[in-house]
Amino acid sequence: MEPWVYPSIALKQEDFEEGRIRTTRTPLRGEYAWDAGVAVGRFLAELKAGRLVGRRCRVCRRVMVPPRMFCEQCFRPTDTWVLLQDTGTVLTFSVCTVAWDMRRLEVPEVPAVIAIDGASPGMGILHKLGEVGQTNDEILDRVHIGLRVQAVWKPPHQREGAITDILYFRPV
Amino acid sequence: MRRWNTEVAIVGAGWSGFRSISPDLSFREMMFEAATKAYSDAGIDPRRDLDGLVTAEEDFHEGVAISDEYVPDQMGAVLKSVHTIAGDGLQALAAGVMQIAAGAGRIVAVESHSKASNVLNLDQITALALDPVYQRPLEAHPIFIAGLEFRRYLEVTGTPIEHVARVVVKNRRNALRNPRAAFPADLTLEDVLHSEPLAEPLTRAMAADPADGCVVFVLARGDVARTLTDRAVWIRGLGWATDSYTLENRDWEGARYLRQAAERAYRQAGIQSPRRAFDLVEVDDTFAYKELQHLEALGLCRPGEAGRWTAEGATEVGGELPVNPSGGCLGEGHLLEASGLARLLEAVLQLRGEAGPRQVPNARTALVASWRGLPTTTGAVAVLSREP
Ligand SMILES: [Zn+2]
């Protein structure tokens, strides 16, 4: 049976090396400086100070994190800043064996959504879990939905007002 | 295109900006501000009343892939019909009108915004629209396309460059009376002609600078519009078209995309003589010559006549046909894909008699025309009226 529906020629590395194939390269360069604005700006400033903050809507009484200046349910401005704990509960997680650039990882990463204490149920931040094992089996043995975790912060002088000011969350 | 069986009106308008930079607001907060004003203006609660949202945005301008997923929350449109147009804001308006005409909704919001100041290499992003095999290897700044077209325009129409410079002087002076405008200025012809050359014959002052801002409209089906407001602005005709795009053999003279779009909009609105049909015009002036070229393509004057017309003052506020009383893109700033909605916003305020010191007396009908910008050959036209 024919392996291909359409007749084709397989390209070999030599074809490129010996200049038989013409290619064109255009690097895709996009440089952006997203304005943080009020909500993101305050959230990042508080991270630098080692704190997590949310915003409360007086009408639906939800405390939202990451904070936003509007309530998407009520379509009104949110009302007050609320200081949150740096502890929480694993809402969901995954054990990931490939990095974002598709490298195979020797030690898997554990991205998780962590419902933050002091915010409304289901309100959390996306981060990684740490100190939970080196292999798939070890991790699955220790991590479960509902696991109680706490943020591990960078030392104050290394923080720069970024989500990476938290290194990871670890079980408590 | 025949008239739609359903009447559609603009019942609310809101905006944020426009400014050259806006670090105090994230794009979400900017949209929330504009949307809050538009819904308040229309007297609706979006969580209860809104049937759908149409936005116009380009991922490369947002710096986020699939950026349309980022819009419902700040627009009160969570779990509603959301639809994004990669095009100019007037094309999003057309999509919103069609949704209402098709019975898909009674009240639909239309939104577009610009955070141009956040795109640090905006010119290189624009250059990515050029053909990767034929054009990009030449590594030319895309503004050369404006230079090529401008030169053909001057040659073919015999328009003196001073008449083109008059467009800049007029529009930036109009902007002095517009609190939304980012770039009001009182310039002389010499200021414009002697500003830094960009792509000869184009000078820096003849090219609109980008600005940040957001514009939101609320559209409603005719019967709903009548219950909401007595200041409805009615959409009488819409047209949009895209010409062959190749730089190697496109039409370099007459902005055929806008001629075609206008013909459709006029037919729909039942307009036979456009020159006498409108009390004001808001038209794309991304580059000063574009205002003249577009006025001619819209059939408001003969080819080659727009420059003299401008020089005689016919297009000033108080002239025979005021053009860009807002200050246009040159005066307000270029809002990327929100530019068409910025033109539309001024027309709506004028027809409602809410344009303050730049009000065109007793304005009853308006023409709005947009261009999608370099390197496109896409334009859209809307005919508006105070009466249905
Ligand atoms: Zn709420």
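**Close-ups of chain B and its contact with chain A**

Gly270(B), just after H10(B), takes a positive phi of about 70 degrees. This is a predicted model, with local features needing pLDDT of at least 70 and side-chain atom pairs pLDDT 80 or more, while totals for chains, interfaces and linings use all residues. Residues are numbered from 1 along each chain as its sequence is written, chains are lettered from A in the order in which they are written, and side-chain values use heavy atoms, leaving out hydrogens and water.

**View 1. Helix H10(B) and its buried side.** Helices here are DSSP runs (H or I, at least four residues), as are strands (E, at least two), numbered from the N terminus. The 14 residues of H10(B) should span 20 Å at 1.5 Å a residue, and the end C-alpha atoms are indeed 20 Å apart; the expected span is 1.5 Å times one less than the number of residues. Buried residues (under 20% relative accessible area, 1.4 Å probe, protein chains only) of H10(B) include Tyr257(B), Leu258(B), Ala261(B) and Tyr266(B). The buried residues cover an arc of only 160 degrees around the axis, so they sit on the same side of H10(B); the arc is taken from the directions from the helix axis to the C-beta atoms. Among the elements covering them are strand E8 (233–242) and helix H11 (288–297) of chain B.

**View 2. A tilted ring pair at Tyr266(B).** Rings of Phe, Tyr and Trp (its six-membered ring) pair if their centres lie within 6.5 Å; planes under 30 degrees apart are stacked, over 60 edge-to-face, and the rest tilted. A search of the whole structure turns up nine aromatic pairs over all chains. In one of them, Tyr266(B) and Phe278(B) have ring centres 6.0 Å apart and planes at 35 degrees, so the pair is tilted. Tyr266(B) belongs to helix H10 (residues 256–269), while Phe278(B), twelve residues apart from it, is in the loop between H10 and strand E9 (280–283). Tyr266(B) is buried at 7% relative accessibility, and Phe278(B) is too, at 6%.

**View 3. An aromatic cluster with a lysine over one ring.** Phe287(B) and Tyr289(B) are stacked, 6.3 Å centre to centre with 10 degrees between the planes, and both are buried. They join Phe150(B), Tyr153(B) and Trp371(B) in one cluster. Over the ring of Trp371(B) sits the charged end of Lys290(B), 4.3 Å from the centre (the cut-offs: NZ of Lys or CZ of Arg within 6 Å of the ring centre and within 35 degrees of the ring normal).

Technical notes. Buried means under 20% relative accessible area, exposed over 50%, partly exposed in between (1.4 Å probe, protein chains only). Contact means heavy atoms within 4.5 Å.
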